[in-house]
Amino acid sequence: NPVLIGQARPVKGACTVVLENAVPGRYAVLFIHDENGNEKLDTNFIGIPKEGFGFSRDAMGRFGPPSFDDAAVTIPAGSSQVTMHAKYM
């Protein structure tokens with residue numbers, strides 16, 4: 001269940017999403033590169049993503065998403081930055 005949601009368009013191969021009013025704490029962050037604009041992560045017939053995706057700490061799961069602990073980052077009060085890299089299968 002998402003706590004905060006944001007959207008951004010790439011500029012020079014990078015995106016910046018500003019999430020306002022985030023309460024300090026531990027979060028796992030996920031993004032998808034919704035290449036066809038249908039607002040979901042498209043997968044093939046066995047569930048492998050057909051679009052780019054990424055998790056905080058560049059965490060990866062074995063056969064699905066990583067655990068919360070593997071992807072969790074601590075967001076302090078004030079401004080913070082989380083850098084993630086897209087993976088394409």
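The paragraphs below go through a predicted model, from the overall fold to its pockets, its aromatic pair and a few single residues.

The protein chain contains one helix and four strands. Read from the N terminus, these elements follow the order β-β-β-α-β. The radius of gyration of the protein chain is 14 Å, close to the 12 Å that the globule rule gives for 89 residues, so the chain is as compact as a globular protein of that length. Along the principal axes, the C-alpha atoms of the protein chain occupy a box of roughly 40 × 30 × 25 Å. Of the 89 residues in the protein chain, 18% are buried. Among contacts in the protein chain with a separation of 6 or more, 48% join residues that lie 24 or more positions apart.

The pockets come next. The largest pocket has a volume of about 2,200 Å³. Its lining is made up of 50 residues, and those nearest the centre of the largest pocket are Gly6, Val17, Val29, Leu30 and Phe31. Three elements, β1 (25-28), β2 (30-33) and α1 (68-71), each contribute at least two residues to this lining. The largest share is that of β2, with four residues. By class, the lining of the largest pocket holds 30 nonpolar, 15 polar and five charged residues.

The second largest pocket has a volume of about 340 Å³. It is lined by 17 residues, and Pro49, Phe53, Phe63, Gly64 and Pro65 are the closest to its centre. Here β2 and β3 (52-55) each provide at least two lining residues. β2 therefore takes part in the linings of both the largest pocket and the second largest pocket, going by the elements that supply at least two residues. The lining of the second largest pocket divides into 13 nonpolar residues, three polar and one charged.

Phe53, one of the residues closest to the centre of the second largest pocket, also belongs to an aromatic pair. How many aromatic pairs does a search of the whole structure find? The search finds one. In this pair, the ring centres of phenylalanine 53 and phenylalanine 55 are 6.1 Å apart and the ring planes stand at 70°, so the arrangement is edge-to-face. The cut-off behind that label is an angle of over 60 degrees between the planes, for rings whose centres lie within 6.5 Å. Are the two partners buried or exposed? Phenylalanine 53 has a relative accessible area of 7% and is buried. Phenylalanine 55, at 13% relative accessibility, also counts as buried. Both values fall in the buried class because that class takes in relative accessible areas under 20%.

Two loop residues have backbone angles to note. Glutamate 39 has a phi near 65°, which is positive in a residue other than glycine. Where does glutamate 39 lie? Its place is the loop between β2 and β3. With a relative accessibility of 69%, glutamate 39 is classed as exposed. Arginine 57 is not a glycine either, and its phi is positive at about 60°. Arginine 57 sits in the loop between β3 and α1. Its relative accessible area is 53%, and arginine 57 is exposed.

The segment before β1 offers two further residues to locate. Valine 3 is found in this segment. Valine 3 is exposed, its relative accessible area being 62%. Valine 3 and tyrosine 27 are 24 residues apart along the chain, and their C-alpha atoms are separated by 9.0 Å.

Proline 24 is also placed in the segment before β1. A relative accessibility of 47% makes proline 24 partly exposed. Which residues does proline 24 contact, leaving aside its neighbours within four places in sequence? They are Ile75, Pro76 and Ala77. Between proline 24 and lysine 12, which are twelve residues apart in sequence, the C-alpha to C-alpha distance is 30 Å.

Key: Residues are numbered from 1 along each chain as its sequence is written. This is a predicted model: local features need pLDDT of at least 70, side-chain atom pairs count only at pLDDT 80 or more; totals for chains, interfaces and linings use all residues. Side-chain values use heavy atoms; hydrogens and water are left out. Rings of Phe, Tyr and Trp (its six-membered ring) pair if their centres lie within 6.5 Å; planes under 30 degrees apart count as stacked, over 60 as edge-to-face and the rest as tilted. Buried means under 20% relative accessible area, exposed over 50%, partly exposed in between (1.4 Å probe, protein chains only). On a 1 Å grid over the protein atoms alone, a cavity is a set of points where a 1.4 Å probe fits but cannot get out, and a pocket is an open set with protein on both sides within 12 Å along at least five of seven lines; lining residues have an atom within 4 Å of a point. Grid points are joined across faces, edges and corners, and a volume is the space filled by probe spheres set on the points. Ala, Val, Leu, Ile, Met, Phe, Trp, Tyr, Cys and Pro count as nonpolar, Asp, Glu, Lys and Arg as charged, and the others, Gly among them, as polar. The radius of gyration is taken over C-alpha atoms; the globule rule is 2.2 Å times the number of residues to the power 0.38. Contact means heavy atoms within 4.5 Å.
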